[in-house]
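Please work through the exercises below with the sequence and the model side by side, trying each task before reading its solution.

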Amino acid sequence: MTQRIITAIIAALIFLPIVFIGGIPFVILIYIMASICLFEILRMKKINLMTVPGILSLFLLWIFLLPINYLNFVQQIGLEGKTALFFLGVLIFLCYSFISKNTFSFEHIGYCLLSVLYIGIGFYYIIETRAVGVLFIFFALFLIWATDSGAYFVGRALGKRKLAPHISPNKTIEGSIGGIITAIIVALLFYFFTDINLEFQLFELMIVTVILSIFGQCGDLVESALKRYYHVKDSGTILPGHGGMLDRVDSWLFVMPLLILLRML
C-alpha cells in the first residue's frame, strides 16, 4: 500500500501540472502514455514493439493522435491528409502479411489495428477534452477516481453479489452502485462550485455522470477481460504498486470520448 501511495503521488506531481499547462507539453505527455499502453497491449500478444508490426502500429497510433484543432502543422495537411496517412499505414500492414510469408497473419494485423483504435480513440479524446477546457478534463478524472474509490470501499464493506466473476472476481454489484453514487457526489460538487453549470443543467449533469461512471467501469472490465484471455496479471510494471499504464487509464479510454459526445448532444 505504501508503494502504491508513493507512486500515485509522484505520478500526480508529474501529470497534473502538465494538464494545467496544456498545449504541446500535454500532447507530448499523451503521446508518451499512449505509446506505453500500445507497447503493453502488443506484448500481451507477444508482439515486440521494436519489430515491423510494432513500429507500424506505433506509426498508426501517432497519426491517429494528431490533434487537428490546435496544431498548425496538422491543420495544414487537414483531416483528409491525416486519414490518407493512416490508410497508407494500413496498406503497408497488409503488404507485410505476404512479405512475412503469412507468419504475420490477418489475425495479427486485426489485433494490431484494433489495439491502435482502442488506445488511439481514447487518448485522442483525452487531448480533445483538454482542448475544450481544463475544467472538463478534471471533471472526467475526478469522476473516474471517485467511481474507482467508491466501488472499492463500498464493495469491501457491503459487497456480496459478484458483478462479473468470470472476468474480475473481486468486483461486486454493490461496489459498482457505490461507485456511481460517489461519482454523483463529486459531480454535485463540480456543479455548485465550478463553472461546469454553464455547460450542463443539474439534471443533465446527473445523467451524464451516471453514464460516464457506468462506462468507466466497463472500460475497467474490458481491460480485465483482455488480460484474463491472455493470462496476464497486470498490463505492465511501469507503475510500482499499480501495474502498467493501461491498468491506470483503462477507464479513461471509455469516459473521455463519451464526455465529448454527450457534450455535443
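Four exercises with worked solutions follow.

This is a predicted model, in which local features need pLDDT of at least 70 and side-chain atom pairs count only at pLDDT 80 or more, while totals for chains, interfaces and linings use all residues. Residues are numbered from 1 along each chain as its sequence is written, and side-chain values use heavy atoms, with hydrogens and water left out.

**Exercise 1. The nonpolar core**

Find which residues of the largest nonpolar core touch the most other members, and then list the contacts of Phe-123 beyond its neighbours within four places in sequence.

Solution. Begin with the term: a nonpolar core is a set of buried Ala, Val, Leu, Ile, Met, Phe, Trp, Tyr and Cys residues joined through side-chain atoms within 4.5 Å, where buried means under 20% relative accessible area, exposed over 50%, and partly exposed in between (1.4 Å probe, protein chains only). The largest such core has 72 residues, and those touching the most other members are Met-33, Ile-119, Phe-123, Phe-139, Leu-212 and Leu-246. Helix α2 (residues 23-44) supplies the largest share of this core, 13 residues; helices here are DSSP runs (H or I, at least four residues), numbered from the N terminus. Next, with contact taken as heavy atoms within 4.5 Å, Phe-123 meets Ile-30, Met-33, Ala-34, Cys-37, Leu-65, Val-249 and Leu-253, once its neighbours within four places in sequence are set aside.

**Exercise 2. Two helix crossings**

Describe how α3 crosses α5 and how α6 crosses α7, and state which classes of residue make each contact.

Solution. Axes are lines fitted to C-alpha atoms, for helices over the stretch in contact, and angles run from 0 to 180 degrees between N-to-C directions. The axes of α3 (residues 52-65) and α5 (residues 106-132) come within 9 Å and cross at roughly 30°. Because angles under 35 degrees count as roughly parallel, α3 is roughly parallel to α5. Residues of α3 in this contact include Leu-61 and Phe-64, and those of α5 include Val-116 and Phe-123. By class, the contact has 13 nonpolar, 2 polar and no charged residues, where Ala, Val, Leu, Ile, Met, Phe, Trp, Tyr, Cys and Pro count as nonpolar, Asp, Glu, Lys and Arg as charged, and the others, Gly among them, as polar.

For the second pair, the axes of α6 (residues 134-158) and α7 (residues 173-193) come within 6 Å and cross at roughly 145°. Gly-150 and Ala-151 are among the α6 residues that meet α7, whose own contributors include Gly-178, Gly-179 and Glu-174. This contact divides into 13 nonpolar, 8 polar and 1 charged.

**Exercise 3. Thr-129 and Pro-240**

Decide whether Thr-129 is buried or exposed, and find which residues Pro-240 contacts.

Solution. Thr-129, in helix α5, has 0% relative accessibility and therefore counts as buried. Its contacts beyond four places in sequence are Phe-136, Ile-137, Met-256, Leu-259 and Ile-260. Pro-240 sits in the loop between α8 (202-229) and α9 (245-249) and, at 36% relative accessibility, counts as partly exposed. Beyond four places in sequence, Pro-240 contacts Gln-3, Arg-4 and Thr-7.

**Exercise 4. Positive phi**

Where do Lys-101 and Asn-102 lie, and what phi does each have?

Solution. Most residues other than glycine have a negative phi. Lys-101, in the loop between α4 (72-99) and α5, has a positive phi of about 60°. Asn-102, which lies in the loop between α4 and α5, has a positive phi near 65°. Lys-101 is exposed at 75% relative accessible area, and Asn-102 is exposed at 51%.

Note on methods. Angles under 35 degrees count as roughly parallel, over 145 as roughly antiparallel, 65 to 115 as roughly perpendicular and the rest as oblique.
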